[in-house]
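Subject: A structure for you to look at

Hello,

I am passing on a structure that I have been going through, and I would be glad if you took a look as well. Please open it first; my notes come after it.

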Amino acid sequence: AAFVTVDGNTINAAATGNSASTTTALSATNGTAQASVGNTQFNGNRIFGDTSESGVSLTSFGVTGSALSVTNNTISASAGANNATNAVSANVTNLITGPSSMSTATNAVINGVSTAAQTNANFGIASGQRNEAPVDVQAANQVTTSISVDSTGSLGTSSSSLTTTNNRITASTSGNRVANTLSITATNLDTAGNAATQIGGIASLQVNDVVGRANAVIDFSGGNTNAGIQFGNSLAQSTLTVSGNAVASASLGNQAINLLSVSGGSLSSSAPTVATGVTSAATSSVQNEFALLNRQIDLATVGRQAITNNGTVSIVQQTALSVIDGSSLTVSSNRITAEAQNNTATNQASLTGFSTLSSGAGLLNQQSSSTIANAEATGGGISVSAETSTVASSSLTLTGNVVQALAVGSSAGNSVTVQATNLSGNANLTASGGITTLFSGGVLAAEADYNLVNDQSQTGSVTALASTPVRINLGDATTVNGG
């Protein structure tokens, strides 16, 4: 018996314009403090990744009483213009924020265009990202790219196990990507001397303004591309499994994760007119003691495409007039996908764990795009194929597989969560006690102690096509004894 494994290998082509990770962290028992992070990134050159003619495989002329497996391998091509992780944290038992407001801003003017984001909070993150160049990748182009077990020799396969599981072939692009995290933990939290200051804020701006394309392409039209198992001649008393594999293309414009979290025992703010309590799409502003602003603009003139063409995840019998006897062939939980999204965001503001809370929080998510978004998963297939065999006393199973083409203009998950035993707004906010929501000429505004505004616009067409088949192919095969 032989046990042969090809496991955990990676073939990766990754191209990045700018990448940064920036953190400010405070920890104390007692403190009067301010803290911030500012980030500005600009890309003006094409970013391209390519993994053509790549493969991870295991080949045998015949297999008897053995186990062959290809698992957890990756072939990937990725390209990104700007990538940033920004974090501010304060873990202080008794925390008093600074006596005056502090401005954290990214206001660089690049090629005559402003990349400006600003927060006036004592604890703040301001991040501005701009991309002006094509970002594209290909994971294959008129060639064969494979992750597979190949037992097509004349000796056949008997009393053996052949497995191809949890492998990935991917092509992905992104214009701007950011993760902003602001965390304040304090048993007692307040502003110094009732000063008119904002306490915590995140402001994130992403602009993807490209004359050209934004494509992620997996194209297997030139070869027999496969994540799976090929066998030839006889197959007897054996188990063949292809499970958990993925062939995926993804083209993403702007991606943002903004998390503002505050937890403590008490906060009873009475700062006079610290903010108006207004969250306005018209002015792209949030005026509150805790504020989160996310703004994304995507403009790619030639459009955004994610293409997965002729992706194949399968078990294939390649020798005519062979016999499959007393065996199990399973293709399960595999995915062939294509995803094109112009703007995506997760925005969360939470004030939790308070016994007494008197404050205010606002969240604004603004996303706009004129980019055409197109996703296609075509050709190829997810299959079990034994078209010219005799199948006897065997099981062929195809289950839980997914083919998906997903095209989205803008998507967002927004939430404001406030939890306290005794809860109220700041009595000195000009909006306290009143709520108005207006929508006029595409302008949305909310005025309240705690509020959330979502503003999205998509003017380019959004299309998706999925035509990759999922099937068992028996063709002219003969089945006997329940095979």
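Below is what turned up, going from the whole chain to the sheets, one residue, and then the spaces inside.

Please keep in mind that this is a predicted model.

**The chain as a whole**

The protein chain has 483 residues, and 53% of them are buried. Its secondary structure consists of 42 strands and 0 helices. Among contacts with a separation of 6 or more, 89% link residues that lie 24 or more positions apart. The exposed surface of the chain comes to about 17700 Å², with carbon and sulfur atoms supplying 47% of that area.

**Two open sheets**

Let me start with the sheet that holds β1. It is open, has 6 strands with parallel pairing, and follows the order β1-β7-β15-β21-β29-β35. Its edges are taken by β1 (3–7) and β35 (395–399); each has a single partner strand, so one side of each is left without a neighbour in the sheet. On average, neighbouring strands here are turned by 5 degrees against each other, direction ignored. At the β35 end, strand β29 (residues 328–332) runs parallel to β35 and is joined to it by 5 bridges. If you want a place to look, S328 stands opposite S395 in β35.

Another open sheet, again of 6 strands with parallel pairing, has the order β2-β8-β16-β22-β30-β36. Here β2 (10–33) and β36 (402–425) are the edge strands, and because each has a single partner strand, one side of each lacks a neighbour in the sheet. The average turn between neighbouring strands of this sheet is 0 degrees, direction ignored. Within it, β22 (residues 246–268) and β30 (residues 335–359) pair in the parallel sense over 20 bridges. There you will find S266 opposite T356 in β30.

**A closer look at T165**

T165 belongs to strand β15 (residues 161–165), which is part of the sheet that runs from β1 to β35. Is T165 buried or exposed? With a relative accessible area of 14%, T165 falls under the 20% cut-off and therefore counts as buried. Leaving aside residues up to four places away in sequence, T165 touches V70, T71, N72, S243 and N245.

**Pocket and cavity**

The largest pocket has a volume of about 380 Å³. It is lined by 22 residues, of which Q118, A203, S284, S285 and L293 are the closest to its centre. Which strands supply at least two residues each to this lining? They are β10 (113–119), β17 (198–210), β24 (285–286) and β25 (290–300). The largest share comes from β17, with 7 residues.

As for enclosed space, the structure holds 1 cavity of 30 Å³ or more. The largest cavity has a volume of about 40 Å³. Its lining is made up of N131, V135, T173, S174, G175, N208, A214, L252, G253 and R304. Both β16 (168–191) and β22 supply at least two of these residues, and the largest share, 3 residues, comes from β16. These two strands bring us back to the sheet that runs from β2 to β36, where β16 and β22 follow one another in the order.

I would be happy to hear what you make of it.

Best wishes

Notes:
Residues numbered from 1 in each chain as written. Predicted model: local features only at pLDDT ≥ 70, side-chain atom pairs only at ≥ 80, totals over all residues. Heavy atoms only, no water. Pairing = 2+ DSSP bridges. Helix = DSSP H or I, 4+ residues; strand = E, 2+ residues; numbered from the N terminus. Axes fitted to C-alpha atoms, helices over the stretch in contact; angles between N-to-C directions. Buried < 20%, exposed > 50% of the residue type's maximum accessible area, 1.4 Å probe, protein only. Contact = heavy atoms within 4.5 Å. Areas by Shrake-Rupley, 256 points an atom, 1.4 Å probe, with all protein chains shown as cover. 1 Å grid on protein atoms, 1.4 Å probe; cavity = no way out; pocket = protein on both sides within 12 Å on 5 of 7 lines; lining within 4 Å. Points joined across faces, edges and corners; volume = space filled by probe spheres on them.
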